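Hi, here are my notes on this one, written as numbered points. Have the model open while you read, and click on each residue as it comes up.

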Amino acid sequence: MKFSTLRASAALALILALAGCGGKASFDVSGTVMGLTTPGLQLTMGGNDDVDVAPGAGDVNFTFARRLSYGDAYSVTVKRDPDHMTCKPYRGVSGTAGQTTSIAAIFSCAKNAYMVTGWVVGLTPVGENDAKLKLINGSTGNPATIAGTTDGSNPVFSFGPVEDGSPYGITVQTQPKGQFCTVVNGSGYMGTELVRNVQVNCKPL
């Protein structure tokens, strides 16, 4: 740790010496994007200098074409998110050239994800110890227990979040006592917004 600190201090001293002699040091603005799996990401530095970043195997690197001189301020931001993903700054995305020996802006990307929501029609209350309506998304996860209402309103439910492009399937895991419930619009692939049209219809046996 002491050696690394001395080496960084020596590099900064060299930069300052160059600046004092009238020859400004210059710096690449580079970085890394973590988790990128789809195309379309574009980063910008100050709104004018852009770089397109393509997905690769694991983390991917980028470098802007324009170099900075010692003392120049910089700020790297996302100009366009990749398809089906959102990228956010992780660290080192802004500062002043020369504060560190190199500029390494790091971004982290994750798939967009949305809730699957719906409502239940015709469900009537059951006893405290009776079987209640339980819905589940897929074959794993925690089921949602839905209770009937006495005022005739339709109970609502939600599952998720589910990643963009991933399948979902809402099914009845447990039927309520004395009733039979079926699911309408319960399966599909998640798109670019939350699912709102799942309906569960319950009728007395």
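1. Is Asp-49 buried, partly exposed or exposed? Asp-49 counts as partly exposed, because its relative accessibility is 22%. The cut-offs here are under 20% relative accessible area for buried and over 50% for exposed, with partly exposed in between (1.4 Å probe, protein chains only).

2. Some ground rules before we go on. You're looking at a predicted model, where local features need pLDDT of at least 70 and side-chain atom pairs count only at pLDDT 80 or more, while totals for chains, interfaces and linings use all residues. Residues are numbered from 1 along each chain as its sequence is written, and side-chain values use heavy atoms, with hydrogens and water left out.

3. Now the charged pairs. Side chains of opposite charge can pair when their charged atoms come close. The structure has five salt bridges, a salt bridge being a side-chain nitrogen of Lys or Arg within 4 Å of a carboxyl oxygen of Asp or Glu. One of them joins Arg-66 to Asp-49, at 2.8 Å from N to O. This pair connects distant parts of the chain, 17 residues apart: Arg-66 sits in the loop between S5 and strand S6 (68-69), and Asp-49 in strand S4 (residues 49-53). Strands, by the way, are DSSP runs of E with at least two residues, numbered from the N terminus. Arg-66 is partly exposed, because its relative accessible area is 37%.

4. Strand S4 turns up again in the salt bridge between Arg-80 and Asp-52, where the closest N and O atoms are 3.7 Å apart. Arg-80 belongs to strand S7 (residues 73-80) and Asp-52 to strand S4, so this pair ties together parts that are 28 residues apart in sequence. Compare the two ends: Arg-80 is partly exposed at 41% relative accessibility, while Asp-52 is exposed, with a relative accessible area of 56%.

5. Next comes Lys-177, which forms a salt bridge with Asp-130; their closest N and O atoms are 3.5 Å apart. Here the linked parts are 47 residues apart, with Lys-177 in the loop between S15 and strand S16 (179-184) and Asp-130 in the loop between strand S11 (113-121) and strand S12 (133-137). Lys-177 counts as exposed because its relative accessibility is 52%, whereas Asp-130 is partly exposed at 27%.

6. Asp-164 is worth a look too. What is the nearest side chain of opposite charge to Asp-164? It is Lys-111, 7.9 Å away, and Asp-164 is buried yet has no salt bridge. (For charge, Lys and Arg count as positive and Asp and Glu as negative; His and the chain ends are not counted.) The side chain of Asp-164 does make a polar contact with the side chain of His-84, at 2.8 Å. A polar contact is a pair of N or O atoms within 3.5 Å; within protein, one must be able to donate a hydrogen and the other to accept it, and residues adjacent in sequence count only if both atoms are side-chain atoms. You'll find Asp-164 in the loop between strand S14 (156-163) and strand S15 (167-174).

7. For another loop, try Ser-153, between strand S13 (144-146) and S14. Ser-153 counts as partly exposed because its relative accessibility is 37%. Its side chain is joined to that of Asp-151 by a polar contact of 2.7 Å.

8. Back to S5. In a regular strand the side chains alternate between the two faces of the sheet. Strand S5 (residues 60-63) has Val-60 and Phe-62 on a covered face, and Asn-61 and Thr-63 on an uncovered one. Strand S2 (residues 29-34) runs antiparallel to S5, and four bridges join the two; DSSP must find at least two bridges for strands to pair. Val-33 has Val-60 as its bridge partner in S5.

9. Last, the rings. There are two aromatic pairs in the whole structure. The rings of Phe-62 and Phe-64 have centres 6.0 Å apart and planes at 90°, so this pair is edge-to-face. Phe-157 and Phe-159 are also edge-to-face, at 6.1 Å centre to centre and 65° between the planes. Rings of Phe, Tyr and Trp (its six-membered ring) pair if their centres lie within 6.5 Å; planes under 30 degrees apart count as stacked, over 60 as edge-to-face and the rest as tilted. Phe-62 and Phe-64 are both buried, and so are both Phe-157 and Phe-159.
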